[in-house]
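Trainee: Please take a close look at the salt bridges, one by one, and then at the strands around them. A plain description will do.

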Amino acid sequence: MAARDSGVRASRRGNEIMHIGRVRRWVVLAGVLLVTGTLATGVVPMPASPAAAAAASGAPTGGTRGADTYRTGWYPDQSALTPSLVSGGTFGQLFKTAVNGQVYGQPLLDDGQVLVNTENNFAYGLDPVSGAILWSRQFGTPTSASAIGCADLTPNFGVTSTPVVDTATNTEYLVDNEYVSGTSGPEAYFMHALNLAANGAEEPGFPVQIQGTASNNPSLTFNPTMQLQRPGLLLLGGAVYAGFGAHCDITNWYGWIAGVSETGHLDTLWSTVGSGTTSGAGVWMSGGGLVSDGAGQILFSTGNGASNPSGPIAGTSPPPNLGEAVVRLAVQPDNSLKSVDFFSPYDAAILDGGDIDFGSGSPVALPDSYFGTSAIPHLAVAAGKEGYVFLLNRDHLGGEGNGPSGSDGVVGRYGPNGGVWSSPSVWPGDGGWVYIPTASGSGTAGGSNGNMDAYQYGLDGTGKPTLNLAGKSVDQFGFGSSAPVVTSSGTTSGSALLWSVWAPDGSGQGAQLRPYDPVPVNGVLPVRWSAPIGTAAKFNPPGVGGNRLYVGTKDGTVVGFGAPVSTPITAPSPTFPATIVGSSSTQTVTITANSSATITSLGASGPFSLGAASKSLPASLVAGSSITVPVTFSPTKAGLAGGSISVVTAASGTFPITLTGTGQLNGPSLASTTNGISFGGVPPSSQSSSTVGFFNNGSQPVTVSKVVSPGVPFTTTGLPAVGAVINPGVQVVVNVTFAPTTTGSFATTLELDSNGGNVVVAITGSSTAPSLLNITPMSVDYGNVGVGQTATRTVQLTNVGGSSLTITKSKPPVLGPFTATSSLAEGTTMAAGATLIESVTFAPTAIGSTGDGWIINADDGQGVRTVTFAGTGAIGDPTGGGWTLNGSSKIAGGALQLTQALPRNQAGSVFWPQAVSSSGVSATFTASIGGAKVQRTA
């Protein structure tokens, strides 16, 4: 009976969602019709509805990684998930459901279900309110991490990526890794198609095995054992595309894109290594989804290996090998894939040698309706471990080395502001924002700690699109923290929240779900609320839908968050117009009852005050009735201001309504986002960049009368010309680059004079000799070590260069008889002259020779090196234990003695716990024959 009841529920869900799906597709189509054309200026129109906003960003929300095919992470249809609700005391944990295995993919929502998949190859459909398991199924046996010797993800590899849902047919597509048969042996990747209206039943023609050779390089054969399917899947034109990278860079591995048709056959298999067989150019992107910005178009980034020599190389003539790059593929008429454009940083070879993956970050396309100009209407953002943020022209990605003096031919290059293992997210409201979590200092391959950075979109002094680092979180973000997501009601100011799963370190233990206000206040992103989630899975963002959030964890749970108690009142969060300091502006707020409620008092905080309400207090309201109150904004300083209305009810407590305004100074007023920039520790022939924002926080236009540029070795781009006008509320962003050619300390200034005052920004930089890591010895031989016994050896690392270095990769032996007993963490910094001692213990469990390695890299340009370890498991030294002694046998003088001379006729025996070859074993005995002692050895 229970099974039949479950089937009835599934059938009803299917009927209901078919109707909802038709409505959803009609709304999105309406959004496409409403949002047309290309922006001619930096001022953008607002969409007519949240649905129109969703259409503008790429695709419907809920059924794919990062909300849409642009991967913006923006969910504009969460109108009830207001900041006041989240911080008002009624928002919290709805459920915590245990599942079988770690959850590394973003939870998705479709067909009235939360869809979750695990590393143990289980797929689930959960009730979105209660978390009850509606159905589950398991695929083949997941592969073991010990089989390949990579401990980055343990103990199993199953479903690691985020699936994708065809919301038109309610079909979930996912990729799993499993043994072809049994619990060991050959491995395979399979694409599955699950019917969500039928409890996840497999669709006809599926699963489809991913196998074969690369269409663009037939010498490469797909080897599932060496590949990891990490990026989120992409549904495009009737096919599902999956990207592949490596496990711990263990050779031989390549970057792959596989395409499987929705009808159930492998359409294409393409490799980022189009020539030769050298490992590299993995597609992993810290789990971010493959991007599509149009029919037949795929964008992604690649990691280390298979990079090209320095440019110039035209973007429209991509080389066959595409490491350290953002790549555009076009689907061909025969369903094969062809690279048609690319961008690679000018220093890609250096990134390659230091394992400083450009592809650790996932590119994101910026919604065309909110970002871009008539000259550059289609933009994208990309960042990697080096810490530079790139603003790209999606129509001309930039190739390699096509900028001035062989630099990057991109729209903008900012930083380095910290290494990135994540996907950016986008908030088109409040002028346009991009959020990027960092997880280390710049130029490292290993994660440590960083921040959530907030970049404000704008135009530079020449009218070119730019990004300015306008704020960041005060709290540090540990390596493994999730990509952020943004929820809002369309682009309504004051409705948005920036969400992230915060983790203290790569273990994920003690992680929290945190929402932030999306606009920095005094350069800081305010935290609005937080809740524990258990142990976070690396880089995995929360799922969003129905004004709720869902977090999948490393400790095998799914945690749902929402509003467990309905709020008795609702009210819009007003945004006030720019108001001159010393004056005021007023708006009327309407508070509506959702159910019977009595409002006992109203109060305001910040530079806001309340007038007389339309009804005297206490005011009793029935469901649907309202009360209005005038709110006055009286700014005391220039800049963004926030506050709230506290609505106190008789029975349900206090509910806040968010207030936002901007203060302006009277007349023209020129200001800057910073008083100074400091560049430190940049070796000669390298470079570092940062930005300065000049803005008019006055009520009248500012006219630039003088520009003083910094001197060599500093350069700028985006400076406004003399006579340029900066309108009230507008910011001009200038990029400053430090490119020393010799060692030393440097100082200069950047100055803008105007009718609104003069601004001088101090700029300093230092250049030191490069670092150099020396490792000794590179090979360690333990010789013979008895089974059950241990031996420890050490390796010394010394920075013999003139400046600090960072360990960018450290993969110690962990899965065999060799175990590191010291910790060389990725991201470790070594000052000039510093020495570290690392130790490895050999504890053989079987007779015979074995070996392993410790893979080490640093940002000193020498590339990846492997310290090798070799040893032989042998019969143990008698003094080391492990032998079983019987009768008169004993250990004396380091040898085993069996039969003693006295008393006579006493026998002994010894046993080793494993059967071994007698080759090399010697036995010596002494006998007395006729009074003469005779010694023999056999």
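Mentor: In this predicted model, the side chains of D152 and K811 meet in a salt bridge, with 3.0 Å from N to O. D152 lies in the loop between β7 (143-144) and β8 (156-157), while K811 belongs to strand β62 (residues 805-811), so the pair ties together parts that are 659 residues apart in sequence. The relative accessible area of D152 is 37%, which makes this residue partly exposed. K811, at 16% relative accessibility, counts as buried. The cut-off that separates them is 20%, because buried means under 20% relative accessible area.

As background, side chains of opposite charge can pair when their charged atoms come close. The structure holds 11 salt bridges, and the pair of D152 and K811 is one of these.

Another salt bridge joins D517 and R528, whose closest N and O atoms are 2.7 Å apart. Both residues are in the loop between β36 (511-516) and β37 (531-534), and 11 residues separate them. D517 has a relative accessible area of 18% and is buried. R528 has 22% relative accessibility, so this residue counts as partly exposed.

D860 and R865 also form a salt bridge, and here the closest N and O atoms are 4.0 Å apart. The cut-off for such a contact is within 4 Å. D860 is buried, at a relative accessible area of 14%. R865 is buried too, at 18%.

Salt bridges can also be linked to one another: D293, R328, D368 and R394 form a network of them. One of these residues, R328, falls within the residue range of strand β22 (residues 326-331), which leads to the sheet that holds this strand.

That sheet is open and has three strands in the order β21-β22-β23, with antiparallel pairing. Its edge strands are β21 (297-301) and β23 (337-343), each of which pairs on one side only. On average, neighbouring strands of the sheet are turned by 25° against each other, direction ignored. Between β21 and β22 the antiparallel pairing runs over five bridges. Within this pairing, F300 stands opposite V327 of β22.

Strand β19 (residues 256-261) is a further part to look at. This strand is mostly covered, with six of its six residues buried. In a regular strand, side chains alternate between the two faces of the sheet. In β19, W256, A258 and V260 point one way, I257, G259 and S261 point the other way, and all are buried.

β19 has pairing partners in β18 and β20. With strand β18 (residues 239-246), the pairing is antiparallel and covers six bridges. Y241 stands opposite G259 of β19 there. With strand β20 (residues 266-271), the pairing is also antiparallel, over five bridges. V260 has L266 of β20 as its bridge partner. β19 and β20 form a hairpin with four residues between the strands, and in this hairpin G264 takes a positive phi near 105°.

To return to the starting point, the D152 and K811 salt bridge combines a partly exposed residue, D152, with a buried one, K811. The D517 and R528 salt bridge likewise has a buried residue, D517, and a partly exposed one, R528. In the D860 and R865 salt bridge, D860 is buried and R865 is buried.

Conventions: Residues numbered from 1 in each chain as written. Predicted model: local features only at pLDDT ≥ 70, side-chain atom pairs only at ≥ 80, totals over all residues. Heavy atoms only, no water. Pairing = 2+ DSSP bridges. Helix = DSSP H or I, 4+ residues; strand = E, 2+ residues; numbered from the N terminus. Axes fitted to C-alpha atoms, helices over the stretch in contact; angles between N-to-C directions. Buried < 20%, exposed > 50% of the residue type's maximum accessible area, 1.4 Å probe, protein only.
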